[in-house]
Amino acid sequence: MYPNDPNKPRTARYDRGYDPEPQAYSQSYPQQPGYGQDQGYGQQPPADQYYAAAPAQPPRRPRSNRPQVNPTMFIGGVLATAIVTGLAAWLVAWLIRLVIERVNETGKLGVWNPMANDEYWFAVVAFLCALFAGALWYVLQLATPSPNQFFSWIVGLLIIAAVLIPLLLSRDWTTGISTAIIHAVIGLPILFLVPAMGTKSMERR
């Protein structure tokens, strides 16, 4: 006899869709009290155990992505730049003086005035200017967001002024031209070498 048998007598529980056989099956295998609890099923540890297991760690300081300058390499690069600039200024000044003396010896082009200062004076000035440029680049690195751009603008404007002032204010054109050439020779190595040395001496932490 099946549940849907029309000959089976209907009861109130059967009319509601209640089948007594599953209930009887479940009653034949009663569950013991505390079943599964000894194995740890369905139990959750208290929340305090999660926090007690993790050791307390000090707050970490955020790392900075800003590049840091290696002082030893930077100072060495600036000193090398100062030496190169001083030698370049001395060499160009010596060549200009030699040419002026040869021209004055011939007398065909008149008498040209020598340079405003001695070549050793230009070498010392070039050395000091390179050191000052290195200090300027380092300060811009610490205080500005784009140090190379600001350094290029500042040094570039100073080179233009150093070249134009002797040409405009010198009474003799030969002296003005020779001085302007030496000033350009001093400024150009500083403009390109100091930022290059600073970039090479950077290290990220």
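**Fold order.** I read along the sequence first and got the pattern α-α-α-β-α-α-α-α-β. That makes 7 helices and 2 strands in the chain. Note to self: this is a predicted model. I also looked up burial, and of the chain's 205 residues, 26% count as buried.

**Salt bridge.** How many salt bridges does a search of the whole structure find? I got 1. The partners are Arg 97 and Glu 119, and their closest N and O atoms sit 2.9 Å apart. This pair links distant parts of the chain, with Arg 97 in helix H4 and Glu 119 in helix H5, 22 residues apart. My reminder on the principle: opposite charges on side chains can pair when the charged atoms come close. Then I checked whether Glu 119 is buried or exposed. Glu 119 has a relative accessible area of 8%, so I put it down as buried, the cut-off being under 20%.

**Largest pocket.** Next I went looking for space, and the largest pocket holds about 300 Å³. I found 14 residues in its lining. Which of them lie nearest the centre of the pocket? They are Cys 129, Leu 158, Ile 186, Gly 187 and Ile 190. Three helices each supply at least two residues of the lining: H5 (119–143), H6 (147–169) and H7 (173–200). H5 gives the most, with 6 residues. I sorted the lining by class as well and wrote down 12 nonpolar residues, 2 polar ones and no charged ones.

**Nonpolar patch.** On the surface I picked out a nonpolar patch of about 1,200 Å². Its members include Trp 153, Leu 157, Ile 160, Leu 164, Trp 173, Ile 177 and Ile 181. Both H6 and H7 supply at least two residues of this patch. The largest share, 8 residues, comes from H6. I looked at one member on its own: Trp 173 is found in helix H7. Trp 173 has a relative accessible area of 55%, so I count it as exposed, since the cut-off is over 50%.

**Pro 166.** I moved to Pro 166, which has its place in helix H6. Is Pro 166 buried or exposed? Buried, I noted, as its relative accessible area is 9%. I also looked up how Pro 166 stands to Gly 176: they are 10 residues apart in sequence, and their C-alpha atoms are 4.7 Å apart in space.

**Phe 150.** Helix H6 also holds Phe 150. Its relative accessible area came out at 40%, so Phe 150 goes in my list as partly exposed. From Phe 150 to Trp 137 I count 13 residues in sequence and 8.7 Å in space, C-alpha to C-alpha.

**Gly 76.** My last stop was Gly 76, in helix H4 (residues 71–106). At 38% relative accessibility, Gly 76 counts as partly exposed. What separates the C-alpha atoms of Gly 76 and Met 197? I found 8.8 Å between them, although the two residues are 121 apart along the chain.

Terms used:
Residues are numbered from 1 along each chain as its sequence is written. This is a predicted model: local features need pLDDT of at least 70, side-chain atom pairs count only at pLDDT 80 or more; totals for chains, interfaces and linings use all residues. Side-chain values use heavy atoms; hydrogens and water are left out. On a 1 Å grid over the protein atoms alone, a cavity is a set of points where a 1.4 Å probe fits but cannot get out, and a pocket is an open set with protein on both sides within 12 Å along at least five of seven lines; lining residues have an atom within 4 Å of a point. Grid points are joined across faces, edges and corners, and a volume is the space filled by probe spheres set on the points. Helices (H or I, at least four residues) and strands (E, at least two) are DSSP runs, numbered from the N terminus. Ala, Val, Leu, Ile, Met, Phe, Trp, Tyr, Cys and Pro count as nonpolar, Asp, Glu, Lys and Arg as charged, and the others, Gly among them, as polar. Patches are made of residues with over 30% relative accessible area and no salt bridge: like charges are joined within 9 Å, nonpolar side chains (Val, Leu, Ile, Met, Phe, Trp, Tyr) within 5 Å. Accessible areas come from the Shrake-Rupley method with a 1.4 Å probe; for residues, only the protein chains shown count as cover. A salt bridge is a side-chain nitrogen of Lys or Arg within 4 Å of a carboxyl oxygen of Asp or Glu. Buried means under 20% relative accessible area, exposed over 50%, partly exposed in between (1.4 Å probe, protein chains only).
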